[in-house]
Amino acid sequence: MEIKKIQIKEVWEGFLSGCKEKTFLQSWNWGEFQKMMGNKIWRFGIFENDNLISTAFFYKIQAKRGTFLFLPHSLVFKQQATSNKQQVLKILLEKLKKIAKEENASFIRVGPILEGTKENIEIFKNLGFRNAPIHIHPELTWELDISPLKEELLKNMRKTTRYLIRKSPKEGVEIFSSQNPKDLEIFYKLYRDVVSRQKFIPFSLKYLKNEFSSFSPDNQILIFFGKYKNEIISSGIFIFWQNLAFYHHGASLLRYSKIPASYSLLWEAILKAKKRGCQKFNFWGIASKENPKHPWAGLTLFKKGFGGYKKEYVKTQDFPISQKYWLTFIFEKIRKTKRGF
């Protein structure tokens, strides 16, 4: 096996189109977004007998808590290459360690896209990885097969969810979508309302604008709005990539919590995804059932109401490079505790 840089978008996206387990965090456009955010990026392919069997996108994060290389939802394989997972990771790790030292990074962090089986967990353990104190992207997600007919999807929902979807237009809620980047400011106003009541670290407006401008040239992103009595009370940002749809950001006004705009908004996004030829709808992160006090518990109940199934990946993994890693570990552990995760 050998590792080579991949610098052609069509080669990268073409390979990913043949992979089953993937998210937009490995897409070419997510890499372009990271460059716009000022992050140094790498795209590598792992080849066996000149055949591309796996890809790895990663970037350098420089933060107050430390400098590290991050592989978001990584280790993407073609189905026939999954038996070589440990060998691929071993070869990739040697390359990562070299780059980490050159970039003065104190550790390597991987958010695997591999199912959280005992076998997959052992792969990381055998190579010296350890569980990270926090995760950056979802380790537990909720997904829905949206290939069935509209009527079948409604039938498989929680009764309350189906009722609120049908009630929403009767309450006077209107749903519309936009590709205008200026409308991000409307979303952001609602988003700040969520931040103020849930006390989490928000994405900046610059972040959202750069994300939008990275995916919009390929028509892969939309903003949805729920309008009630001439006021926008709910909104969401959705990414459509390789026949997959992702509910990436959401926001709503608390004072209109009894108006079911978010239900009809998400339903319209699902219908839009179907029209675009998407087979799966990813609701993004959810909380585990074992923790009813989790900050995402309410949001999780909302997402699960649409029907579907959970997908649990191997927990985020860290590979320490230097002793500085432990300062980051302590800092992140404390922050996680304060946030109630």
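# Salt bridges, burial and backbone in a predicted model

W284 has its place in strand 13, which spans residues 280-285. In this model, which is predicted rather than determined by experiment, the phi of W284 is near 70°, a positive value in a residue other than glycine. With a relative accessibility of 8%, W284 counts as buried, because burial is assigned under 20% relative accessible area.

A second residue with this backbone feature is K229, whose phi is positive at about 50° although K229 is not a glycine. K229 is found in the loop between strand 10 (221-228) and strand 11, and its relative accessible area of 66% makes K229 exposed. The two residues thus have contrasting surroundings, since W284 is buried whereas K229 is exposed.

The strand that follows the loop of K229 leads to the salt bridges. Strand 11 covers residues 231-241 and holds E231, whose side chain meets that of R255 in a salt bridge with an N to O distance of 2.5 Å. R255 lies in the loop between strand 12 (244-252) and helix 9, so that the pair links distant parts of the chain, 24 residues apart. Of these two partners, R255 counts as exposed at 59% relative accessibility, while E231 is partly exposed, with a relative accessible area of 23%.

The structure holds 15 salt bridges, and side chains of opposite charge can pair in this way when their charged atoms come close. Another of these contacts joins R65 and E332, whose side chains meet in a salt bridge at 2.5 Å, N to O. Because R65 lies in the loop between strand 3 (51-63) and strand 4 (66-74), and E332 in helix 11 (residues 325-339), the pair ties together parts that are 267 residues apart in sequence. Both ends of this bridge are assigned as buried: R65 has a relative accessible area of 17%, and E332 has one of 0%.

A further salt bridge is formed by the side chains of D318 and R109, at 2.7 Å, N to O. Here D318 belongs to strand 15 (residues 317-320) and R109 to strand 6 (residues 107-112), so this pair ties together parts that are 209 residues apart in sequence. D318 is buried, with a relative accessible area of 0%, and R109 is likewise buried, with a relative accessible area of 0%. The two bridges are not separate items, for R65, R109, D318 and E332 are linked in a network of salt bridges.

Helix 11, which contributes E332 to that network, also contains T337. Whereas E332 is buried at a relative accessible area of 0%, T337 is exposed, with a relative accessible area of 59%. T337 and K159 are 178 residues apart in sequence and 35 Å apart in space, taken from C-alpha to C-alpha.

Charge also gathers on the surface, where R130, K315, K333 and K336 form a patch of positive charge. One member of the patch, R130, lies in strand 7 (residues 130-131). R130 is partly exposed, with a relative accessible area of 31%, and can belong to such a patch because the residues that make up patches have over 30% relative accessible area and no salt bridge.

Two further helices show how burial is distributed over helical segments. In helix 10 (residues 297-304), the buried residues include T300, F302 and K303. Seen down the axis of helix 10, its buried residues fall within an arc of 160°, so they line one face of the helix. On the other side of helix 10, G298 and L301 are exposed.

Helix 9, which spans residues 261-275, is the place of A273. At 0% relative accessibility, A273 counts as buried. A273 and Q179 are 94 residues apart in sequence and 15 Å apart in space, again from C-alpha to C-alpha.

How values were computed
Residues are numbered from 1 along each chain as its sequence is written. This is a predicted model: local features need pLDDT of at least 70, side-chain atom pairs count only at pLDDT 80 or more; totals for chains, interfaces and linings use all residues. Side-chain values use heavy atoms; hydrogens and water are left out. Patches are made of residues with over 30% relative accessible area and no salt bridge: like charges are joined within 9 Å, nonpolar side chains (Val, Leu, Ile, Met, Phe, Trp, Tyr) within 5 Å. Accessible areas come from the Shrake-Rupley method with a 1.4 Å probe; for residues, only the protein chains shown count as cover. A salt bridge is a side-chain nitrogen of Lys or Arg within 4 Å of a carboxyl oxygen of Asp or Glu. Lys and Arg count as positive and Asp and Glu as negative; His and the chain ends are not counted. The place of a charge is taken as NZ of Lys, CZ of Arg, CG of Asp or CD of Glu. Helices (H or I, at least four residues) and strands (E, at least two) are DSSP runs, numbered from the N terminus. Buried means under 20% relative accessible area, exposed over 50%, partly exposed in between (1.4 Å probe, protein chains only). The arc is that of the directions from the helix axis to the C-beta atoms.
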